[in-house]
Structures are given as C-alpha cells and as structure tokens.
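Welcome, and please take a moment to look over the sequence and the fold. We will start with how far the model can be trusted and then walk through its parts.

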Amino acid sequence: MSTIFVRCRPSGEETSLDCGPRSSDWTASGTNRPHGVVGADMSNDTDTDDALFALVAEGKQGVLATVKRDGRPQLSNIIYRWDDESKTASVSVTADRAKSRNALRDPRVSLHVSAPDFWSYAVIEGLAVVTPAAADPHDEVSDALVDLYRDISGQEHPDWEEYREAMVAERRQ
C-alpha cells in the first residue's frame with residue numbers, strides 16, 4: 001500500500017520536496033462553486049479548504065497524477081482511502097507500473113477528485129511514500145493491503161488467502 005502525503009504546499013509557495021509535516025502547511029485547490037466559476041488560489045479561505053477536503057473524504061475514486069521523466073503528467077484512475085486526521089490518501093499500486101516508478105523517482109503527486117455533478121472538484125498535492133511490494137502473503141504490506149481492501153470496499157473478500165497470494169504475485173504496494 002502506498003500513501004500519498006498531502007500536507008505539503010505552504011500557502012503562496014511552490015511545492016517543494018522538503019515541505020514540513022505541520023497540518024497548517026497544506027492547501028487544496030478546486031472549486032465547490034457553480035459550473036463555470038473556477039477559483040484561483042483559494043489557500044487562504046478556510047471554509048473553501050474544508051469543503052474541498054470534505055469532497056475528497058466523501059470520495060473513493062480519483063485521478064492520480066505523477067511526473068514522467070520528461071516532466072509531463074502521467075494520469076491514472078485510482079481508488080483510494082482518505083484519512084481525514086492525517087490528510088493522506090492511500091492507494092494500492094503495482095510495483096512495475098508507471099505511477100509507481102514515477103513516484104519513486106519524483107515523489108510529487110496530485111490527486112484530482114470530482115464531485116458527483118462533475119463540475120465541482122478538488123485537487124490535493126503532496127509527496128508520495130511508496131512502500132515495498134508485498135513479498136509474502138502474510139507480511140506487513142499484505143496485511144495493510146487487506147485493511148485497505150476492507151476500508152475501500154466495506155466488505156470482506158470471499159477468500160483472503162487467495163487475495164493475499166494475488167497481492168504478492170501482482171507485486172502490489
């Protein structure tokens with residue numbers, strides 16, 4: 001399971017790789033306004049930030065953007081778990097995929113989440129922490145992937161041993 005840290009863009013500053021862990025340092029962008037009205041820098045608007053993080057917390061599906069070697073974005077549709085307290089999103093990724101390789105090389109990531117109406121959205125930016133791939137069906141990574149599955153799906157898998165073995169075979173992180 002890999003975790004995307006989003007507490008990383010101090011208000012009014014460019015994203016940097018050494019940003020601190022203080023929760024007051026993060027910002028979100030996006031809009032919770034009617035169609036056609038897109039806000040610019042809303043990092044000083046606490047009500048807007050709260051609404052944007054609420055949108056992220058209510059969702060499970062988003063688009064993860066990583067940075068390709070040539071600097072262009074690489075976009076992946078993902079399912080995530082949001083932790084409101086730590087302001088982090090967790091996703092399961094495959095070690096050999098572009099998003100994993102990109103996040104290891106350059107941990108700057110963005111997560112775009114659309115509201116059901118499609119016109120409202122939130123984008124959170126931060127640094128990815130990529131865990132090792134599951135190496136054993138009962139290692140710590142596999143345990144975390146089981147927890148992630150439960151949290152995202154809200155149900156039990158019909159065969160946990162099969163699921164754990166698949167996480168190792170797929171080199172899930």
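In which element of the protein is confidence lowest, and in which is it highest? This is a predicted model, so that is a good place to begin. Strand β2 (residues 28-31) has the lowest confidence, with a mean of 48, while α4 is at the top with 98. Across residues 5-28 the pLDDT is below 50, although the model gives this stretch 59 contacts beyond near neighbours in sequence. Residues 31-44 also stay under 50 in pLDDT, and for them the model has 27 contacts beyond four places in sequence. For the protein overall, the mean pLDDT is 79, and 73% of the residues reach 70 or more.

Let us turn to the interior. The largest nonpolar core has 19 residues, and those touching the most other members are Val 56, Ile 78, Tyr 80, Trp 82, Leu 111, Val 113 and Ile 124. Two or more residues of this core come from each of α1 (46-58), β6, β7 (108-114) and β8 (121-129). Helix α1 provides the largest share, four residues. Another core lies apart from it, with nine residues that include Val 146, Leu 148, Ile 152 and Tyr 163.

Three names from that second core, Val 146, Leu 148 and Ile 152, bring us to helix α3, where they are buried. Helix α3 covers residues 140-153. Its 14 residues reach 20 Å from the first C-alpha to the last, close to the 20 Å expected at 1.5 Å a residue. At the N-terminal end, Asp 139 acts as a cap, with a side-chain oxygen 3.3 Å from the backbone nitrogen of Val 141. Just after the helix, Gly 154 takes a positive phi of about 75°.

Which residues of α3 are buried? They are Val 141, Ser 142, Ala 144, Leu 145, Val 146, Leu 148 and Ile 152. It helps to recall that an α-helix has 3.6 residues a turn, so residues three or four places apart point the same way. The cover over the buried residues of α3 includes β4 (73-79), β5 (81-83), β6 and α4 (160-169).

Strand β6 deserves a closer look, and Thr 88 is found there, in residues 88-91. Is Thr 88 buried or exposed? Thr 88 counts as buried because its relative accessible area is 6%, and buried means under 20%. Its side chain also makes a polar contact with the side chain of Ser 86, at 2.8 Å.

Conventions: Residues are numbered from 1 along each chain as its sequence is written. This is a predicted model: local features need pLDDT of at least 70, side-chain atom pairs count only at pLDDT 80 or more; totals for chains, interfaces and linings use all residues. Side-chain values use heavy atoms; hydrogens and water are left out. Buried means under 20% relative accessible area, exposed over 50%, partly exposed in between (1.4 Å probe, protein chains only). A polar contact is a pair of N or O atoms within 3.5 Å; within protein, one must be able to donate a hydrogen and the other to accept it, and residues adjacent in sequence count only if both atoms are side-chain atoms. The expected span of a helix is 1.5 Å times one less than its number of residues. Contact means heavy atoms within 4.5 Å. A nonpolar core is a set of buried Ala, Val, Leu, Ile, Met, Phe, Trp, Tyr and Cys residues joined through side-chain atoms within 4.5 Å. pLDDT is the predictor's confidence in each residue, from 0 to 100.
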